[in-house]
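The exercises below concern one protein structure, and each is followed by a solution that proceeds step by step. Please keep the sequence and the coordinates at hand while working through them.

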Amino acid sequence: MMKTMMSGEEVLIPDDRAFSRFQRECECDEDWSLTYNKTSICVWIQILEEEKSLHKIKCRMQCKDIPAETMYDVLHDIEYRRKWDANVIETFDIGKLTVNADVGYYSWKCPKPLKNRDVITLRSWLPMGNDYIIMNYSVKHAKYPPKKDLVRAVSIQTGYLIQRTGPTSCTLTYLAQVDPRGSLPKWVVNKSSQFLAPKAMKRISKACVRYPEWKQKHSPGFKPWLFPEQNRLSSVPLSELCIQHAESLENIDESSLRESKDERAEHSDEEGHN
């Protein structure tokens with residue numbers, strides 16, 4: 001999908017065709033390998049480059065008691081994300097581009113002993129009848145260069161498709177193709193598809209259940225993703241952004257790193273509780 005958007009150096013805001021292509025890829029399970037299938041969550045992966053562990057991952061979760069509108073709000077609400085997303089180190093909006101596109105920063109914790117990662121992305125969103133899409137890809141901004149203590153990753157295409165299945169139910173599909181920079185050990189791909197991704201989906205689900213009560217106490221009417229006139233971000237001209245190519249970033253080799261004992265213990269312990 002990103003070929004059209006990233007064919008040149010020009011940063012483009014996704015059009016309706018780009019959203020439709022993203023939705024088709026979310027819905028099509030051909031050429032994907034199912035790696036996890038328990039209760040209401042499925043995870044698939046596509047290996048793109050074996051030697052670098054470069055892969056695409058897709059997760060789908062059936063939510064019987066979460067309205068699509070609530071899911072959409074939770075995935076947008078940056079203040080709430082800081083509360084429920086245990087992997088987040090720092091996240092903030094940089095500026096707005098249009099009524100349904102902005103630029104933001106996100107850094108996250110990686111499994112030890114890997115270095116933590118960060119990313120600058122152009123994010124866009126679109127309500128489509130009963131469905132909603134939020135998607136992003138990596139861009140560069142001169143004011144936010146890579147940091148010394150973090151590895152700058154590249155989101156080639158990442159996003160969510162929320163599909164309404166009833167008045168209080170929905171399906172969430174998460175699709176990601178991220179170049180984490182560098183060669184990763186195989187256990188990272190296995191762990192992300194069989195443990196980290198399902199765990200993240202469950203965390204989103206729990207966050208959705210708690211959101212209405214939390215939002216009632218935190219600016220209940222403030223939802224700039226629904227009401228663009230509420231958006232207080234300053235505008236960023238597209239000319240300040242350029243495509244973030246993976247090749248221009250530092251490449252680190254972490255392929256020989258073994259999973260830390262703490263991580264393994266936490267993994268087995270958590271699996272026991274699920």
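**Exercise 1. Determine which residues lie nearest the centre of the second largest pocket, and describe its lining.**

Solution. The second largest pocket is lined by 19 residues, and Ile78, Asp93, Phe222, Pro224 and Trp225 are those nearest its centre. A pocket is here an open set of points on a 1 Å grid over the protein atoms alone, where a 1.4 Å probe fits and where protein lies on both sides within 12 Å along at least five of seven lines, and a lining residue has an atom within 4 Å of a point.

Before going further, the basis of the values should be stated: this is a predicted model, in which local features need pLDDT of at least 70 and side-chain atom pairs count only at pLDDT 80 or more, whereas totals for chains, interfaces and linings use all residues. Residues are numbered from 1 along each chain as its sequence is written, and side-chain values use heavy atoms, with hydrogens and water left out.

The next step is the volume, which amounts to about 420 Å³ for the second largest pocket; a volume is the space filled by probe spheres set on the points, with grid points joined across faces, edges and corners. Turning to the elements, at least two lining residues each come from helix 4 (78-84), strand 6 (117-128) and helix 5 (186-217), where helices (H or I, at least four residues) and strands (E, at least two) are DSSP runs numbered from the N terminus. The last step sorts the lining by class, giving seven nonpolar, five polar and seven charged residues; Ala, Val, Leu, Ile, Met, Phe, Trp, Tyr, Cys and Pro count as nonpolar, Asp, Glu, Lys and Arg as charged, and the others, Gly among them, as polar.

**Exercise 2. Establish which residues of helix 2 are buried and which exposed residues its opposite face carries.**

Solution. Begin with the dimensions: helix 2 spans residues 16-27, 12 residues in total, and its first and last C-alpha atoms are 17 Å apart, close to the expected 16 Å, the expected span being 1.5 Å times one less than the number of residues. Next, list the buried residues, which are Ala18, Phe19, Phe22, Gln23, Glu25 and Cys26. They lie on the same side of helix 2 because they cover an arc of only 165 degrees around the axis, the arc being that of the directions from the helix axis to the C-beta atoms. Buried means under 20% relative accessible area, exposed over 50%, and partly exposed in between, with a 1.4 Å probe and protein chains only. Finally, the face turned away from the buried side carries the exposed residues Asp16, Arg17 and Arg24.

For contrast, consider helix 3 (68-76). Eight of its nine residues are buried, so helix 3 is largely enclosed by the rest of the structure; among the buried ones are Met71, Tyr72 and Leu75.

**Exercise 3. Examine the salt bridges of Asp77, Lys217 and Arg17, and state where the partners are exposed or buried.**

Solution. The structure holds 13 salt bridges, each defined as a side-chain nitrogen of Lys or Arg within 4 Å of a carboxyl oxygen of Asp or Glu. Take Asp77 to begin with: its partner is Lys215, with the closest N and O atoms 3.6 Å apart. Asp77 lies in the loop between helix 3 and helix 4 while Lys215 belongs to helix 5, so the pair ties together parts that are 138 residues apart in sequence. Asp77 counts as buried at 5% relative accessibility, and Lys215 as buried at 7%.

Now take Lys217, whose closest N and O atoms to Glu213 are 3.7 Å apart. Because these two residues are four apart in helix 5, about one helical turn separates them, and both Lys217 and Glu213 are exposed.

Lastly, Arg17 pairs with Asp15 at 3.0 Å, N to O; Arg17 is exposed at 59% relative accessibility, whereas Asp15 is partly exposed at 34%.

**Exercise 4. Find where Asp31 and Thr39, each with a positive phi, are located.**

Solution. As background, most residues other than glycine have a negative phi. Asp31, with a phi of about 65 degrees, is found in the loop between helix 2 and strand 1 (33-38), and counts as exposed at 69% relative accessibility. Thr39, with a phi of about 45 degrees, is found in the loop between strand 1 and strand 2 (41-49), and counts as exposed at 81%.
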